[in-house]
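Hello,

Here is the structure I promised to pass on to you. Have a look at it first, and then read on for what turned up when I went through it.

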Amino acid sequence: MSRFSLLLLLTAPLLGCAAASSAQRTEAPPTATATSTTGITSRAELDALTIPALPDWVDKYAGPNEEERRFFNISRLMERFQLARVQAVELQNHYRDLIRSQPAPAPVDAFNTALERVRRGELESRLQPEALGKARFIAVFDLDETLLSQYYPAQVGEACHDLAIPRKEGVRYVKLVPGWQQAFERIQALGGAIVLFSANVDAPTLELLANWKLGGVPLTEHPAIAGILTNSYLVLQEKSEGVSDPKKGNPVREPSKDLRVFDETLRRVIIVDDNPTRLFQMRNARIFKKFEAESFCTTSDPALRRAFEQALPTVVQELEDSVRDMDARGVPFAEAYLPYTSLGQVTVQFLVDSGGFDRARAIEYVRRNPKVVDPRY
């Protein structure tokens, strides 16, 4: 079976649900041909599939090339071209790659080429649909300041690094968060899948991961890594997306990581990330204290150093505890992990501070009563 056939097999139920529900919720743009799934023929059609660009003054990532900043309405791509979400987001990535190439094709041609690529099953993200589909849970990890810290020697010195990567501007040193290897191995042992998702661009991210090895195998090639996503996979979302009443929509204005790419239901996936401004599914987000080489390598405070050393092992303990609860009660993993998420922690702390609960009892209460956790900030 080809990789593309496998992808379609695993995502077929999602395709059907996405097409049916989107048809009820979203009107096709007047310039788009709702029944055509073969590509586009005009710039007007491309614009109709695009989320309007934010003004430069509110977009800190604005650059000189307007096309590089194009974000597609993912739900509209899914509906019109009968794509799974992973394919729609991959289309955006391929489009960005093509537009940034030299010489760049015309935007309409770039879109159609990107569409052809995803139809052929070309996943530059290295996502493994089979591994994700079989996993008991999916742990998505941010890279910079979560799993690692990058720096130049003038900032920290050369003695503290784990990796040294030559760059034009000088050697770039990398300090890996303590306990990362044990965390990866334990997640595998628990039946989980690991995905890496960086907001950085392709080249430096893939170069770093090619130098970072687990058991002698670069992470870019390691079977334990079920996907590697970068900046071009970040999404925006219009407030009308996915809802029948636009007043109840959830606009995403900052380029963000959408966990539905890995699990459309959000029942088996969590993300560990230091930057909540890149996230919008906060019931699935475990916020991590920034790991910075300068703080870790130069501190003379043993308590602070120990806290850095125990940060990732603590996340692993939470995963283990949640898997036990999932098995004991027969609930989805994300529900078992809810007390440790960003929104779950707000409720846990509320119960401790105002309800007279100790922490263990507050965690148990949240698990038994998940509706007490706010749906969003």
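Let me start with a cluster of charges: Asp 321, Arg 324, Asp 325, Arg 329, Glu 335 and Arg 367 are joined to one another in a network of salt bridges. Please keep in mind that this is a predicted model, and that every value below is computed from it.

**The overall picture**

The protein has 377 residues, and 50% of them are buried. Its secondary structure consists of 14 helices and 14 strands. Among the contacts with a separation of 6 or more, 65% are between residues 24 or more positions apart. The accessible surface is about 17,400 Å², and carbon and sulfur atoms contribute 52% of that area.

**Salt bridges**

In total, the structure contains 25 salt bridges. Besides the network around Arg 324 and its partners, three pairs may interest you.

One of them is Glu 264 with Arg 85, whose side chains meet at 2.8 Å, N to O. This pair links distant parts of the chain, 179 residues apart: Glu 264 sits in the loop between strand S12 (252–256) and strand S13 (269–273), while Arg 85 belongs to helix H4. Are the two partners buried or partly exposed? Glu 264 is partly exposed, at a relative accessible area of 23%, whereas Arg 85 counts as buried at 6%.

Another pair is Lys 290 and Glu 145, with 3.0 Å between the closest N and O atoms. Lys 290 is in the loop between strand S14 (285–287) and H10, and Glu 145 is in the loop between strand S3 (137–141) and strand S4 (148–151), so this salt bridge ties together parts that are 145 residues apart in sequence. Both ends are accessible to some degree: Lys 290 is partly exposed at 31% relative accessibility, and Glu 145 is partly exposed at 27%.

Then there is Arg 120 with Glu 122, where the closest N and O atoms are 2.7 Å apart. Here Arg 120 is partly exposed at 49% relative accessibility, and Glu 122 is partly exposed at 32%.

**The disulfide**

How many disulfides does the structure hold? There is one, formed by Cys 160 and Cys 297, with their sulfur atoms 1.7 Å apart. Cys 160 lies in the loop between helix H7 (153–156) and strand S5 (163–165), and Cys 297 lies in helix H10 (residues 293–298), so the bond ties together parts that are 137 residues apart in sequence. The torsion about the S-S bond is about -70°, which means that the disulfide is left-handed. Cys 160 has a relative accessibility of 16%; since buried means under 20%, Cys 160 counts as buried.

**Helix H4 and what follows it**

Helix H4, which holds Arg 85 of the salt bridge with Glu 264, covers residues 85–100. Its 16 residues reach 23 Å from the first C-alpha to the last, close to the 22 Å expected at 1.5 Å a residue. Of these 16 residues, 15 are buried, so H4 is largely enclosed by the rest of the structure.

In the loop between H4 and helix H5 (107–119) you will find Pro 103. The peptide bond leading into Pro 103 from Gln 102 is cis, with omega near -5°.

**A covered strand**

Strand S10 (residues 225–229) is mostly covered, with five of its five residues buried. S10 runs parallel to strand S7 (residues 192–197), and three bridges join the two. Within this pairing, Ile 194 stands opposite Ile 225 of S10.

**Backbone angles to look at**

Which residues have a positive phi without being glycine? Arg 126 is one of them, with phi near 60°. Arg 126 is placed in the loop between H5 and helix H6 (129–134), and is partly exposed with a relative accessible area of 31%.

Leu 266 is another, with a phi of about 60°. Leu 266 lies in the loop between S12 and S13, the loop that also holds Glu 264. At a relative accessible area of 22%, Leu 266 is partly exposed.

Happy browsing, and best wishes.

Technical notes: Residues numbered from 1 in each chain as written. Predicted model: local features only at pLDDT ≥ 70, side-chain atom pairs only at ≥ 80, totals over all residues. Heavy atoms only, no water. Helix = DSSP H or I, 4+ residues; strand = E, 2+ residues; numbered from the N terminus. Expected span 1.5 Å × (residues − 1). Buried < 20%, exposed > 50% of the residue type's maximum accessible area, 1.4 Å probe, protein only. Disulfide = S-S within 2.5 Å. Pairing = 2+ DSSP bridges. Salt bridge = Lys/Arg side-chain N within 4 Å of Asp/Glu carboxyl O. Contact = heavy atoms within 4.5 Å. Areas by Shrake-Rupley, 256 points an atom, 1.4 Å probe, with all protein chains shown as cover.
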